[in-house]
Amino acid sequence: MISDKIQLEENEYVLTQTRRHWFSIAAKIALACIIALLPGITLLGMHTIFAEMLPDALLANYAAYITYGYSAWLLLVWFGIFTAWTNYYLDVFTLTDRRIILTNQKGFFWRNVASFRLERLQDMHYEINGLLATMLDYGTIHAETAGHSDDEFRATELPHPRELKAHIMTASDKRYDRPDATTAGSVDERASDPE
Amino acid sequence: MEFIGFPLTTILDIVVLIAVVAATIYAVMFGYHWFTFGSNRTTSMTAMVTFLLGAMLLIGAMFFSTYALR
């Protein structure tokens, strides 16, 4: 379970966890496949168009060099695919009954874990931008939090943002109404806020 | 065939060696991240086996290409 990797508080439980939409990694893998095929297609195209300059006999003479170079190229693409997959696999959006936790793997040895308490949630909206995002139902969730900096919490390419937003709002409302919600400290502040 | 005064096969051998070192470093880094922060040990293990098999296949192809040039 992903929740094993997150330090939960006592009696805190995970409501939902999600990664970025599968299209996010599929697009990167598709791009990597195109990059992987590029030298092969180029060579094949040149061989077809400039058949006299690149006869079969010449290519056969350099077959070992071509295999070597293409394997080295594919190895670089292979590293790239797994680097992209690492960033996808380790990016997790977690909603607990008390907090939202956003784990973002930005690169090797560069991990950003951000969380904010549901009591601090002031406003929330989601954004589905583009044809593919609309068809595949993924988007960005923005959450404005109450704080000194009024900073915004942003999670991109999340699947089913509408349902996720509803889930967060329900959890936030429950949190606000719970009598034992004082552990965060800020509930009382919000309750006494004249607004 | 020579390249900057060295036999080309020697240069290609050195590149294969660099590829092996790079693949090892990548495997260690991937392993560290997947098994430390990953959510599922089976997924991490499958990814690691896939990565190593692919890398071994490609490095093997590079190695046997230089072998064919001798």
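How close do the axes of α3(A) and helix α2 of chain B come, and at what angle do they cross? Let me take that one straight away. This is a predicted model. In it, the axes of α3(A) and α2(B), residues 41–69, come within 8 Å. They cross at roughly 165 degrees. Angles over 145 degrees count as roughly antiparallel, and α3(A) and α2(B) are therefore roughly antiparallel to each other. The crossing of this pair is left-handed. By class, the contact of α3(A) with α2(B) has 20 nonpolar residues, eight polar ones and no charged ones.

Stay with α3(A), and turn to the other chain B helix. α3(A) covers residues 63–89, and α1(B) covers residues 8–37. Their axes come within 11 Å and cross at roughly 15 degrees. That makes α3(A) roughly parallel to α1(B). This crossing, too, is left-handed. By class, 17 residues of this contact are nonpolar, three are polar and none is charged.

Now the residues. On the α3(A) side, look for aromatics, among them A:Tyr65, A:Tyr68, A:Phe79, A:Phe82, A:Trp85 and A:Tyr89. A:Leu75, A:Thr83 and A:Thr86 also take part. On the α1(B) side, the list includes B:Leu8, B:Leu12, B:Val15, B:Val16 and B:Ala19. Further along come B:Ala22, B:Ala23, B:Tyr26, B:Phe30, B:His33 and B:Trp34.

Next, inside chain A. Here α3(A) packs with α1(A), residues 22–49. The angle is about 170 degrees, and the axes are 10 Å apart. That makes α1(A) roughly antiparallel to α3(A). The contact has 18 nonpolar residues, two polar and one charged. From α1(A), the contact residues include A:Trp22, A:Ile25, A:Lys28, A:Ile29, A:Leu37, A:Pro39, A:Gly40 and A:Leu43. From α3(A), they include A:Ile66, A:Tyr70, A:Trp73, A:Leu74, A:Val77 and A:Tyr88. Note A:Trp85: this residue meets α1(A), and A:Trp85 also meets α1(B).

On to the empty space. How many cavities of 30 Å³ or more are there? The count comes to one. The volume of the largest cavity is about 30 Å³. Its lining is A:Phe93, A:Ile100, A:Phe116, A:Met124, A:Ile141, A:Ala143, A:Phe153, A:Ala155 and A:Ile168. Two strands of chain A, β6 (138–145) and β7 (152–159), each give two or more residues to that lining. By class, the lining is nine nonpolar residues, with no polar and no charged ones.

Last, a pocket. The second largest pocket has a volume of about 250 Å³. It is lined by 18 residues. Nearest its centre lie A:Arg20, A:Leu102, A:Asn104, A:Arg154 and A:Ala155. β2 (92–96), β3 (99–107), β4 (110–117) and β7 of chain A each give two or more residues to the pocket lining. Which element gives the most? That is β7(A), with six residues. The pocket lining divides into seven nonpolar, five polar and six charged residues. Set that beside the cavity, with no polar and no charged residues in its lining. One residue to look at here is A:Ala155. It lines the cavity, and A:Ala155 also lines the pocket.

Notes:
Residues are numbered from 1 along each chain as its sequence is written. Chains are lettered from A and ligands numbered from 1 in the order in which they are written. This is a predicted model: local features need pLDDT of at least 70, side-chain atom pairs count only at pLDDT 80 or more; totals for chains, interfaces and linings use all residues. Side-chain values use heavy atoms; hydrogens and water are left out. On a 1 Å grid over the protein atoms alone, a cavity is a set of points where a 1.4 Å probe fits but cannot get out, and a pocket is an open set with protein on both sides within 12 Å along at least five of seven lines; lining residues have an atom within 4 Å of a point. Grid points are joined across faces, edges and corners, and a volume is the space filled by probe spheres set on the points. Helices (H or I, at least four residues) and strands (E, at least two) are DSSP runs, numbered from the N terminus. Ala, Val, Leu, Ile, Met, Phe, Trp, Tyr, Cys and Pro count as nonpolar, Asp, Glu, Lys and Arg as charged, and the others, Gly among them, as polar. Axes are lines fitted to C-alpha atoms, for helices over the stretch in contact, and angles run from 0 to 180 degrees between N-to-C directions. Angles under 35 degrees count as roughly parallel, over 145 as roughly antiparallel, 65 to 115 as roughly perpendicular and the rest as oblique. A crossing is left-handed if the near helix is turned anticlockwise from the far one by less than a right angle, and right-handed if clockwise. Contact means heavy atoms within 4.5 Å.
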